[in-house]
Amino acid sequence: MSDDPLSSQVTVDTVDAVDDAPAKPGSPPSNAAAERIGASPGHGSPSQITPATLWSAIWPDTPPAQDVRHVTRPPSPLMLYLRALSSSRKPARAQPMPSIAFERRNVPLDADDIARYASLCGFSPAHGVPPTWPHLLAFAQHMLLMTDRAFPFAMLGMVHLANHNRQFARLSVGDRLDLHVQCGALYAHDKGQVFTVLTTARRDGNIVWTGESLYLRTGVKDPLGAPYRSELRADATLVTSEKFLAPADLGRRYARVSGDYNPIHLWPLTAKLFGFERPIIHGMWSFARSLATVLPAQAGDQLDLLVEFKTPLRLPGEATLWRERSTPTKWVSTLDTPHSAGNVFELRDATGTVPHLRGRWQSFDTAPATEAAAAIDPTSLPPTSPTASLTPDRT
């Protein structure tokens, strides 16, 4: 069992290692198919390669956690935030991340839950299971990880900088996923320490979805890791495509479907306790709402999604979505780079001058005939980079 002081109230079984732990990063691929990892995310099935080689391709510098704790009954939102409060006295000191993970198996993709989420975020039935949904399924495990005694930072006051999600195969209602959450890379930011939380979703043993969530712990001196850099830059060629209204109760409505009951999103009084004049909407709602508009239903089953959060959207509020003047699907090939390929968009304030987020989506499905033979190698996709000095969504 975990040595966390509240672990007796959370059903978690501890084991020494993942049952089917992937090979260590840097290990040679086991066969020719695995050597071209791009054959799976680009044009084939994830079953063509092993989870070990796909893990090593995506996160070559992050070995799988050695201490894996199996979650059989997720804690309630109230218990999660009690754990967050109990971690508030942790010092802001740079130190390595613990090699622990929280794993939950056989998690269903429930039709009713997905329908409520899709409706609130604007996804259409043609989108199927929204590609951001696995992030919400793993939210309780994120909280368990970041409130564990071994985790070095206090959770309250963290800044959510970015999310990088990859979907390698279509997700369907009724699927059952095994969700694995652990710590990833560290980055040095001029305002403190950036750390990464990695999420892996497997179906029938194959990795079908991965997520990188990047957070900033402010006030940490001499942070560890490479410098944190933003990958997405301001684009003056974007044009406004529509306006979004964010009503005062949106944070509470999203909390009910996501399980994220952070007080800064709920009521004016609770937001003021944490330094906000008004509640702010969850950054992941803003991303999902934007993505639901820019992502065509025919975008494909294999996607790469990147978002960088910039400034909070206060409730009630109004935002404008900005995108490329013409929005044909940009199919990614080996000739493209993450900086030159993809469909970019921004969510800005009502005047169109202040960005709330910047995003990019790419499709790796079978391309038009001119690119039909091309494939993308996930090893060419860098980890999500840090944003600069703007204040994004705070957790």
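**Notebook: helices, spaces and single residues**

I began with a pair of helices in this predicted model, and I noted that α5 and α10 are roughly perpendicular to each other, because the angle between them is about 80° and values from 65 to 115 degrees count as roughly perpendicular. Helix α5 covers residues 111-121 and helix α10 covers residues 283-294, and their axes lie 8 Å apart. I then looked up which residues make this contact, and found Tyr117, Leu120 and Cys121 on the α5 side, with Trp285, Ala288, Arg289 and Ala292 on the α10 side. Sorted by class, the residues of this contact are six nonpolar and one charged, with no polar residue among them.

**Entry on the whole chain**

I next stepped back to the protein chain, which has 395 residues, and I wrote down that buried residues make up 57% of them. The chain holds ten helices and 14 strands. I also looked at contacts between residues at least 6 apart in sequence, and 81% of these join residues that are at least 24 apart.

**Entry on helix α3**

Is helix α3 mostly covered or mostly uncovered? I checked residues 51-58, which form this helix, and found that eight of its eight residues are buried, so that by the cut-off of under 20% relative accessible area the helix is mostly covered. The buried residues I listed for α3 are Pro51, Ala52, Thr53, Leu54, Trp55, Ser56, Ala57 and Ile58.

**Entry on the largest pocket**

I turned to empty space, since rolling a probe the size of a water molecule over the atoms shows where such space is left. The largest pocket has a volume of about 470 Å³, and 22 residues line this pocket, the closest to its centre being Leu136, Leu137, Val257, Ser258 and Gly259. Which elements each supply at least two residues of the lining of this pocket? I found α4 (77-86), β3 (100-108), α5, α6 (133-137), α7 (139-146) and α8 (250-258), so to speak of α5 again is to return to the helix that packs with α10. By class, the lining of the largest pocket has 13 nonpolar, four polar and five charged residues.

**Entry on the cavities**

How many cavities of 30 Å³ or more are there? The count comes to four, and I looked further into the second largest cavity, whose volume is about 140 Å³. This second largest cavity is lined by 15 residues, and those nearest its centre are His127, Val129, Arg170, Gly300 and Leu303. Its lining divides by class into nine nonpolar, four polar and two charged residues.

**Entry on Asp178 and Asn106**

I looked up Asp178, which has its place in strand β5, residues 176-189. Asp178 has 28% relative accessibility and therefore counts as partly exposed. Leaving aside neighbours within four places in sequence, I found Asp178 in contact with Arg104, Arg105, Asn106, Thr200, Ala201 and Arg202. I also noted that the C-alpha atoms of Asp178 and Glu103 are separated by 7.2 Å, although these two residues are 75 residues apart along the chain.

Asn106, one of the residues in contact with Asp178, is found in strand β3. Asn106 is not a glycine, yet its phi is positive, at about 60°. I recorded Asn106 as partly exposed, because its relative accessible area is 46%.

**Entry on Asp204**

Where does Asp204 lie? I located Asp204 in the loop between β6 (192-203) and β7 (206-218). Phi of Asp204 is near 55°, which is again a positive value in a residue other than glycine. At 74% relative accessibility, Asp204 counts as exposed, because the cut-off for exposed is over 50%.

**Entry on two prolines**

I looked up Pro316 for its peptide bond, and found that a cis peptide bond joins Leu315 and Pro316, with omega at about -10°. Pro316 has its place in the loop between β10 (303-309) and β11 (317-323).

Is Pro227 found in a strand or in a loop? I placed Pro227 in strand β8, residues 226-227. With a relative accessible area of 48%, Pro227 is partly exposed. My last note is on a pair, Pro227 and His189, which are 38 residues apart in sequence and 6.3 Å apart in space, taken from C-alpha to C-alpha.

Terms used: Residues are numbered from 1 along each chain as its sequence is written. This is a predicted model: local features need pLDDT of at least 70, side-chain atom pairs count only at pLDDT 80 or more; totals for chains, interfaces and linings use all residues. Side-chain values use heavy atoms; hydrogens and water are left out. On a 1 Å grid over the protein atoms alone, a cavity is a set of points where a 1.4 Å probe fits but cannot get out, and a pocket is an open set with protein on both sides within 12 Å along at least five of seven lines; lining residues have an atom within 4 Å of a point. Grid points are joined across faces, edges and corners, and a volume is the space filled by probe spheres set on the points. Ala, Val, Leu, Ile, Met, Phe, Trp, Tyr, Cys and Pro count as nonpolar, Asp, Glu, Lys and Arg as charged, and the others, Gly among them, as polar. Axes are lines fitted to C-alpha atoms, for helices over the stretch in contact, and angles run from 0 to 180 degrees between N-to-C directions. Helices (H or I, at least four residues) and strands (E, at least two) are DSSP runs, numbered from the N terminus. Angles under 35 degrees count as roughly parallel, over 145 as roughly antiparallel, 65 to 115 as roughly perpendicular and the rest as oblique. Contact means heavy atoms within 4.5 Å. Buried means under 20% relative accessible area, exposed over 50%, partly exposed in between (1.4 Å probe, protein chains only).
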